[in-house]
Amino acid sequence: MNKADNILRKIEKRAHNEFLPILGPEKGHALAEEIRKAKPKRVLEVGTLIGYSVILMGKELDKNAQIITIEIHAEEAKTAEKNIRKAEIPPKVEVIAGDAIQVIPKLKGVFDFAFIDAEKTEYLDYLRLAEGKLRKGTVIVADNAGIFAKQMANYLDYVRTSGKYSSKYVQVGVDGLEITVKL
Ligand SMILES: C[S@@+](CC[C@H](N)C(=O)[O-])C[C@H]1O[C@@H](n2cnc3c(N)ncnc32)[C@H](O)[C@@H]1O
């Protein structure tokens with residue numbers, strides 16, 4: 001087993017024991033598939049926790065790619081940095097400790113992939129703040145579009161009906177991902 005897979009298995013065990021809300025292997029498989037298809041150069045993640053989904057995406061990318069991930073809790077952000085270092089994934093990863101609502105407007109440059117997995121009622125805010133930095137064709141994956149569809153209703157409505165995106169719901173087990181492409 002390589003280092004990234006080894007760390008992912010360890011985080012899965014810890015998540016199981018401590019009820020940590022990581023993406024998990026099933027939805028993780030679907031996210032990794034989207035990353036392999038899109039081969040992004042610059043990824044924005046909102047909601048790092050302890051680094052599971054960053055490592056999962058990063059192991060599919062090469063060293064020319066970059067991931068910027070935002071986590072509101074400083075302690076989790078520190079643990080994520082440690083896990084990411086140990087996983088030895090190829091891309092450069094920057095973990096930013098802070099509230100995505102404050103951080104996203106300050107980010108420089110453009111992104112071509114986004115993974116949103118933080119406070120469900122804020123998904124639309126994250127997207128609206130990042131929108132101007134997302135290239136045409138950017139794939140945006142939003143977690144929990146099944147079990148938290150009500151909390152994410154304004155987000156789901158926006159990506160499905162604003163005319164700015166093409167969007168579909170993909171069921172994975174008991175939950176699902178909203179997979180959106182910027183037009
Ligand atoms: C479901 S967990 C993320 C799981 C992670 N993506 C994974 O698969 O391992 C959600 C995370 O979002 C963080 N969060 C919540 N609101 C946030 C905000 N406004 N800005 C940044 N992070 C936030 C929480 O602290 C939590 O760690």
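These are my notebook entries on a charged surface patch and some aromatic rings.

**Entry 1: the model**
I am working from a predicted model.

**Entry 2: positive charge on the surface**
Which residues gather in a patch of positive charge? I found Lys-10, Lys-13, Lys-78, Lys-82, Arg-85 and Lys-86 gathered there on the surface. I then looked up the elements behind the patch: α1 (3–18) and α4 (74–87) each give two or more residues to it. Helix α4 gives the most, with four residues.

**Entry 3: a look at Arg-85**
I picked Arg-85 from the patch and placed it in helix α4. Is Arg-85 buried or exposed? Its relative accessible area is 60%, and exposed means over 50%, so Arg-85 counts as exposed.

**Entry 4: aromatic rings**
Next I turned to the rings. How many aromatic pairs are there? The count comes to three. I noted one of them in full: Tyr-123 and Tyr-126 sit 6.3 Å apart, centre to centre, with 40 degrees between their planes, and this pair is tilted. Both tyrosines belong to helix α6 (residues 123–130), where they are three residues apart, about one turn of the helix. Tyr-123 and Tyr-126 also join Tyr-155 in one aromatic cluster.

**Entry 5: cover over the tyrosine pair**
Are Tyr-123 and Tyr-126 buried or exposed? Buried means under 20% relative accessible area. Tyr-123 has 0% relative accessibility, so I logged Tyr-123 as buried. Tyr-126 has a relative accessible area of 3%, so Tyr-126 went down as buried too.

Note on methods: Residues are numbered from 1 along each chain as its sequence is written. This is a predicted model: local features need pLDDT of at least 70, side-chain atom pairs count only at pLDDT 80 or more; totals for chains, interfaces and linings use all residues. Side-chain values use heavy atoms; hydrogens and water are left out. Patches are made of residues with over 30% relative accessible area and no salt bridge: like charges are joined within 9 Å, nonpolar side chains (Val, Leu, Ile, Met, Phe, Trp, Tyr) within 5 Å. Accessible areas come from the Shrake-Rupley method with a 1.4 Å probe; for residues, only the protein chains shown count as cover. A salt bridge is a side-chain nitrogen of Lys or Arg within 4 Å of a carboxyl oxygen of Asp or Glu. Lys and Arg count as positive and Asp and Glu as negative; His and the chain ends are not counted. The place of a charge is taken as NZ of Lys, CZ of Arg, CG of Asp or CD of Glu. Buried means under 20% relative accessible area, exposed over 50%, partly exposed in between (1.4 Å probe, protein chains only). Rings of Phe, Tyr and Trp (its six-membered ring) pair if their centres lie within 6.5 Å; planes under 30 degrees apart count as stacked, over 60 as edge-to-face and the rest as tilted.
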